[in-house]
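The following exercises train the reading of a protein structure from its residues and their contacts. Please work through each task before consulting the solution.

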Protein chains: 10
Amino acid sequence: MSGRKETDLTEVTHLGSQNTTYQFDYDPSVLETFDNHHPKRDYFVKFNCPEFTTLCPKTGQPDFATVYISYIPDIKMVESKSLKLYLFSFRNHGDFHEDAMNIILNDLVDLMDPRYIEVWGKFTPRGGISIDPYVNYGKPGTKYEEMAEYRLMNHDMNPETVDNR
Amino acid sequence: MSGRKETDLTEVTHLGSQNTTYQFDYDPSVLETFDNHHPKRDYFVKFNCPEFTTLCPKTGQPDFATVYISYIPDIKMVESKSLKLYLFSFRNHGDFHEDAMNIILNDLVDLMDPRYIEVWGKFTPRGGISIDPYVNYGKPGTKYEEMAEYRLMNHDMNPETVDNR
Amino acid sequence: MSGRKETDLTEVTHLGSQNTTYQFDYDPSVLETFDNHHPKRDYFVKFNCPEFTTLCPKTGQPDFATVYISYIPDIKMVESKSLKLYLFSFRNHGDFHEDAMNIILNDLVDLMDPRYIEVWGKFTPRGGISIDPYVNYGKPGTKYEEMAEYRLMNHDMNPETVDNR
Amino acid sequence: MSGRKETDLTEVTHLGSQNTTYQFDYDPSVLETFDNHHPKRDYFVKFNCPEFTTLCPKTGQPDFATVYISYIPDIKMVESKSLKLYLFSFRNHGDFHEDAMNIILNDLVDLMDPRYIEVWGKFTPRGGISIDPYVNYGKPGTKYEEMAEYRLMNHDMNPETVDNR
Amino acid sequence: MSGRKETDLTEVTHLGSQNTTYQFDYDPSVLETFDNHHPKRDYFVKFNCPEFTTLCPKTGQPDFATVYISYIPDIKMVESKSLKLYLFSFRNHGDFHEDAMNIILNDLVDLMDPRYIEVWGKFTPRGGISIDPYVNYGKPGTKYEEMAEYRLMNHDMNPETVDNR
Amino acid sequence: MSGRKETDLTEVTHLGSQNTTYQFDYDPSVLETFDNHHPKRDYFVKFNCPEFTTLCPKTGQPDFATVYISYIPDIKMVESKSLKLYLFSFRNHGDFHEDAMNIILNDLVDLMDPRYIEVWGKFTPRGGISIDPYVNYGKPGTKYEEMAEYRLMNHDMNPETVDNR
Amino acid sequence: MSGRKETDLTEVTHLGSQNTTYQFDYDPSVLETFDNHHPKRDYFVKFNCPEFTTLCPKTGQPDFATVYISYIPDIKMVESKSLKLYLFSFRNHGDFHEDAMNIILNDLVDLMDPRYIEVWGKFTPRGGISIDPYVNYGKPGTKYEEMAEYRLMNHDMNPETVDNR
Amino acid sequence: MSGRKETDLTEVTHLGSQNTTYQFDYDPSVLETFDNHHPKRDYFVKFNCPEFTTLCPKTGQPDFATVYISYIPDIKMVESKSLKLYLFSFRNHGDFHEDAMNIILNDLVDLMDPRYIEVWGKFTPRGGISIDPYVNYGKPGTKYEEMAEYRLMNHDMNPETVDNR
Amino acid sequence: MSGRKETDLTEVTHLGSQNTTYQFDYDPSVLETFDNHHPKRDYFVKFNCPEFTTLCPKTGQPDFATVYISYIPDIKMVESKSLKLYLFSFRNHGDFHEDAMNIILNDLVDLMDPRYIEVWGKFTPRGGISIDPYVNYGKPGTKYEEMAEYRLMNHDMNPETVDNR
Amino acid sequence: MSGRKETDLTEVTHLGSQNTTYQFDYDPSVLETFDNHHPKRDYFVKFNCPEFTTLCPKTGQPDFATVYISYIPDIKMVESKSLKLYLFSFRNHGDFHEDAMNIILNDLVDLMDPRYIEVWGKFTPRGGISIDPYVNYGKPGTKYEEMAEYRLMNHDMNPETVDNR
Ligand SMILES: [Ca+2]
Ligand SMILES: [Ca+2]
Ligand SMILES: [Ca+2]
Ligand SMILES: [Ca+2]
Ligand SMILES: [Ca+2]
Ligand SMILES: [Ca+2]
Ligand SMILES: [Ca+2]
Ligand SMILES: [Ca+2]
Ligand SMILES: [Ca+2]
Ligand SMILES: [Ca+2]
Ligand SMILES: [Ca+2]
Ligand SMILES: [Ca+2]
Ligand SMILES: [Ca+2]
Ligand SMILES: [Ca+2]
Ligand SMILES: [Ca+2]
Ligand SMILES: [Ca+2]
């Protein structure tokens, strides 16, 4: 075993950088990748992101969510600091909850071309009701496409209790 | 990516409206829809609704429930503010718990014609016993009909602990 | 939609009655039913009953359990007030935990002839050990019989933590 | 020891009554009392009321709260079924959260003339913020007045975590 | 140190007895005591009793509570098996929640003449409201009387969340 | 009792307004008040605000906190919709956690001149450490000043467990 | 329905016995059975045993576990008081965690010849690591053997969070 | 700052020893101390001991408790490995719960002569009731004696919920 | 039954050793095994390891995780004390979270040649996001390879709530 | 209001720095301060530090704790990034739990000369027992010295439940 070397991380520009700029406008170009060192193995990487915030497209009021992103990498893996900057770029942007989760999934598919990926947003309530969209994807024509269908069919069978407090 | 435009939301009249009228009588006509922007993808949208209240049809006493609604959209999606008004219209209405959940499911099927939908009500106890009806539906003749059967067969395998406190 | 009418509820004599008599001896005859208004649909109804108490057949000491009852109705549905009176009738009665859950299931099958039903009792400990019987049933010769076998095979895969406090 | 006799309970008309009428308009006259059998002792009685709902005076939208009421009785004690009917009478009524809790306290003081009483409402959020008013009272000129001041000064020193889910 | 000897326990007849008889009628005479071996020290003994059940004096319906009993012994201490039998004797007995807690306190004061004692009952809800009486006592004319007043004044400052589930 | 009338609420311009504008720059002038209807009574009003976000003054990265605000009103009370807009105005603003809580307290004192007020921010961690400032105030020269000192001395005696997950 | 009769329980010698002897040395012979009254039905019986303790075979230090035992009975069922005595006999005995769970399973298979059985031990940590063995068994050549394989394959898919506190 | 040196720890013989012998008979002589390096400061040290087990003096059945020990050291401090061995020596010993906690306190006072100490045992239930003794001590004639009285008076004001599961 | 004998444990050198040396550099050679006594049976052994810490390869800052390791043994089983030392050897080592979990799995496969194994790391957040890699393995060409695929497909269907506090 | 300016933060060198060096040897000199902008007000700042690890001075094994630090600033405030580096410097250092908490308190008093400060460490268990030292300090000769004594006397009155899992 040897840890990642500097030469492995030349693509990674945000991590540990002193000069991080936070982009307020939606900007998928901040996303960066590094190489998967274990491409022969199927395995999951999950990001727990409880600090997601965006704006309502109609009223302009802020919305808050915890976003959970899980994927099976192929060749490329998303670097977490860049993911943070990407999610930050929704801060002053407006969209429906359902659309935002689809867009995050689309952008990460474009970036990494993963074998499998899923995105689950759990928003805080407005008017007493909260909305939780769940989106997933498996590479078309592979077993991961079936995996996506299987996981959707089995999604959220043991839902959490929500009481708005 | 671009957020929803005003022109996308002309059907949505309740959201952000100053003149919302709360209808006390059961009224499915308040429900409104908007278009699904991701119709090629199967994905879940879930509403957590802990502020549902209705009346007992025989004694008139108030009943309270948390209602969980999950669906896979087809062309139309229910707008959440209108869903809130719809659920409000049960406030002074009387029906058995089991019937109320079936009616909500029926109305949402009529409104959206979704691929799949499920409705789970968890009521507070009366006489030391609480009742939790769970109803689901998949579009007949499609794989979603099998999905409904599969999810019913696997329903509530890890039930919550209930101690009435 | 219209709520249940009085004429629908003539079989229901306990609900809202001022003259409820609590029967201390085991008595399945107190159970009452009403008609299922949605017989074309398979759906679940669940009763959470945390106030179940009976006596040990050998020592006479009281036992306490939370009983969870879930079923898919066919033509008849059990009325919850009568279920409460039925469960009350175990109060001064003695039987082993395992037998009590089987008897409740048998009585409800006799009463409703449901498509599927399951009964799970979770007792408080005696001598540091607690006992949780789980019993289920699917109408013989139907797909619900397979459902019962399937749910038994998948029963309690994520058990709760019990520490006797 | 002997239990309450029928003759002790002639003032109590709602409890066990078949003919309970639920009054939709604010109506403190439904409140009933019974006599305190232990007037020489200071002790607390607490009501946990998680099923309180009212309307916003400006927008008409429904509000939901759990209301906790604790008091030290003097001569009269409030009967719990009548308390339920009283709280129900806020159902279609509009007032600010802060006012509603003050009004409940005032009505119970008028009814029972208790030694001490406190009312704490915990509402569900609107626009991401929830409001929890806490009101108390001690009989003027007695040690209970000091008790009220003391309990206010020590109120909510260990606040619950609220995350709107 | 040496453990309790048999000769210390001649007053204790229920503990370990094969012939325990469960008395269904209220009967404080089943209570037994043993001697306090540490009478020079003030210390607390607490009983957690989550299996308390009684009947409503007006409707006959069963009520359930968890009863918490804490006391500072003087010369006599209550034996726990006899306490269990005593609490069992409320099983088919009817009284108001508030009265039941006062009676338990009175009986234990009569039995043990403790320096200080408190009894807190937390009942399951009826009609959506639950009742929690709290009663305490300090030996009159001693510092324990002030202790009782102090603990009442500080009672339940951090109340539990109750949602009836 | 009568609910707040429209004439009582002429100062309240944000609540229920269709034209709410969310101000991104720190702006205490959005705060609005209404009159306290119970000025003879000392009572607490608490706001739970889990959706507070600001920026780090040095790195520009987003910070998130739950802010708890409790106060005893005098003549004026802060309206909750305007409080929401005020807290929103920290969204694109940078300050240290300790400063932000002091500023919120100062602005609310300026606005309402309350008898007593406290502000507690609980931030999410950065680098494995989270910061929770707690600030309070009592009107100088009154008993509320002593109350502030007393509550500070007793602050957070039962701290929550924090494990960064 | 009729409760278990004395004549059904002649094999049961420990339950309710005054002369229980606790055996400190490993002794499977204390296990006792009674007949299954519902042998035509497959159902689960589960024992929650949070009071299991044994010794480390190498260091002699005490180990503690919660043991969960679930089985589908065939003709014989294990009596819970005898199970308690059996588990007690590990008290001063030494073995590896993995071996102890296998031995308990083997002994219960020998005793009852059940259709299916599983044993899950959850130990407290030593050196910051805790060990949880899970063992199961289905009667060879029956569908229960496949059931054992299926449940092993699906074992612990939703693991508890462990933080050693 | 410098860490404890070997020469500071010559009294400590159990910690890190390969030859630890576990003594099954009650034996306070295994307790060892080390010197307090901060004797000018009053501070608390707390031991959480969830693995305490003893035997009932009358029936011989095992009892289990979590024992919490908190003290303010004077000159000597108890070494934790020796405390473990001491608590282990109750394993095959019999005494009443109330006595065991008093004995532990007495032994630790004899060992360390601390300024203040308290011992709280929380036992698992027998017959549906659990017992929690709490004992404390302050050095006679010092302010710590008043501290003991104060902490006893304020003991367990926010009791945990116990439901025997 | 007989416990592990000394002769069974000659390979186990770390357990109970007084001379344990903690190796700060990554060192899989510290891992030790003992023989599986139940090789005819498929069963799970799980290690909960909440005290894992490593360093970031780019910034050098410490990272913390809870690591869960579950496996089905074949001939060899990993000894837990040696596992502790192995995990300790990551303490001053740097690697990406995703790589560390793959390396642990690879080393344990090399050591034990197990039938099945999985490793799940749950890290604390950096910059508001936490990363949880999950890796598994089944012996190639056996049913355990399919088991690995099945468990990956069903991984984390009921994710925990993460809020960074 | 204006946020902290760059000129206010010239003393703060670690925050946002790309060149952070993690010091493995105990080094209080890494601690940095900034000025308190609200010195006329007494208020609390709390750091939650769940990622503290050190080594046992005798065995060399790693220890883990969550450290909670609360203080009332006077002129200087500790900067959180430097606090993180300081706590990191215990990583490969050995000391008793009780000593480590005293040292942290001493170093922060030397650094900031705060009005009041307290440090509470909660360690993970070794041998089934965990240790939680709590240390505090008030500036001698001021009211904060009395505050320290008062908070010590009231320390941990509502202890958490610890079960080592
Ligand atoms: Ca909640
Ligand atoms: Ca919550
Ligand atoms: Ca519950
Ligand atoms: Ca509860
Ligand atoms: Ca537990
Ligand atoms: Ca939460
Ligand atoms: Ca609850
Ligand atoms: Ca946690
Ligand atoms: Ca835990
Ligand atoms: Ca814990
Ligand atoms: Ca509990
Ligand atoms: Ca519990
Ligand atoms: Ca528990
Ligand atoms: Ca959390
Ligand atoms: Ca947490
Ligand atoms: Ca725990």
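A residue counts as buried when its relative accessible area is under 20%, as exposed when it is over 50%, and as partly exposed in between. The structure is a predicted model.

**Exercise 1. A salt bridge within chain C**

Task: Determine which parts of chain C are tied together by the pair Arg115(C) and Asp42(C), and decide whether each residue is buried or exposed.

Solution.
Step 1. A salt bridge requires a side-chain nitrogen of Lys or Arg within 4 Å of a carboxyl oxygen of Asp or Glu. The closest N and O atoms of Arg115(C) and Asp42(C) are 2.8 Å apart, and the two residues form a salt bridge.
Step 2. Arg115(C) is found in the loop between helix H2 (97–112) and strand E5 (116–123), while Asp42(C) is found in the loop between strand E1 (33–35) and strand E2 (43–55), so the pair ties together parts that are 73 residues apart in sequence.
Step 3. Asp42(C) has a relative accessible area of 17% and is therefore buried. Arg115(C), at 11%, also counts as buried.

**Exercise 2. A salt bridge between chains**

Task: State where the partners of the salt bridge between Asp132(C) and Arg165(H) lie.

Solution.
Step 1. The side chains of Asp132(C) and Arg165(H) meet in a salt bridge, with an N to O distance of 2.8 Å.
Step 2. This pair crosses between chains: Asp132(C) belongs to strand E6 (residues 130–138) of chain C, and Arg165(H) to the segment after helix H3 (143–153) of chain H.
Step 3. Asp132(C) has a relative accessibility of 2% and therefore counts as buried. Arg165(H) has a relative accessibility of 14% and likewise counts as buried.

**Exercise 3. A salt bridge within chain I**

Task: Classify Asp42(I) and Lys143(I) as buried, partly exposed or exposed, and locate both residues.

Solution.
Step 1. Asp42(I) forms a salt bridge with Lys143(I), and their closest N and O atoms are 3.8 Å apart.
Step 2. Asp42(I) sits in the loop between strand E1 (33–35) and strand E2 (43–55) of chain I, and Lys143(I) sits in helix H3 (residues 143–153) of chain I, so the pair ties together parts that are 101 residues apart in sequence.
Step 3. With a relative accessible area of 18%, Asp42(I) is buried. Lys143(I), at 41%, counts as partly exposed.

**Exercise 4. The annotated active site**

Task: Describe the surroundings of the residues that UniProt lists for "active site" in chain A.

Solution.
Step 1. The unreviewed UniProt entry lists Cys56(A) and Asp63(A).
Step 2. Cys56(A) lies in the loop between strand E2 (43–55) and strand E3 (62–72), whereas Asp63(A) lies in strand E3.
Step 3. Cys56(A) has a relative accessible area of 11% and is therefore buried. Asp63(A), with 4%, is also buried.
Step 4. Leaving aside residues up to four places away in sequence, Cys56(A) touches Gln61(A), Asp63(A) and Gly94(A). On the same basis, the contacts of Asp63(A) include Cys56(A), His97(A), Phe123(A) and Arg126(A).

**Exercise 5. Cysteines and disulfides**

Task: How many disulfides does a search of the whole structure find, and why is Cys49(J) without a bond to the closest cysteine sulfur?

Solution.
Step 1. The search finds 0 disulfides over all chains.
Step 2. For Cys56(B), the nearest cysteine sulfur is that of Cys49(C), 17 Å away.
Step 3. The sulfur of Cys49(J) is 17 Å from that of Cys56(F), its closest cysteine sulfur, which is too far for a bond. Cys49(J) has a relative accessibility of 2% and therefore counts as buried.

**Exercise 6. Helices and their neighbours**

Task: Characterise the crossing of H3(H) and H3(J), and identify what the buried residues of H1(A) pack against.

Solution.
Step 1. The axes of H3(H) and H3(J) come within 10 Å and cross at roughly 50 degrees. The two helices are therefore oblique to each other.
Step 2. Lys143(H), Met147(H), Tyr150(H) and Arg151(H) meet Glu149(J), Tyr150(J), Leu152(J) and Met153(J).
Step 3. Helix H1 (residues 80–88) of chain A is mostly covered, with 8 of its 9 residues buried.
Step 4. These buried residues pack against E2, E3, strand E4 (76–78) and helix H2 (97–112) of chain A, together with strands E2 (43–55) and E3 (62–72) of chain F.

Terms used: Residues numbered from 1 in each chain as written. Chains lettered and ligands numbered in written order. Predicted model: local features only at pLDDT ≥ 70, side-chain atom pairs only at ≥ 80, totals over all residues. Heavy atoms only, no water. UniProt positions renumbered as here; feature names shortened; annotations may be inferred. Helix = DSSP H or I, 4+ residues; strand = E, 2+ residues; numbered from the N terminus. Buried < 20%, exposed > 50% of the residue type's maximum accessible area, 1.4 Å probe, protein only. Contact = heavy atoms within 4.5 Å. Disulfide = S-S within 2.5 Å. Axes fitted to C-alpha atoms, helices over the stretch in contact; angles between N-to-C directions. Parallel < 35°, antiparallel > 145°, perpendicular 65-115°, else oblique.
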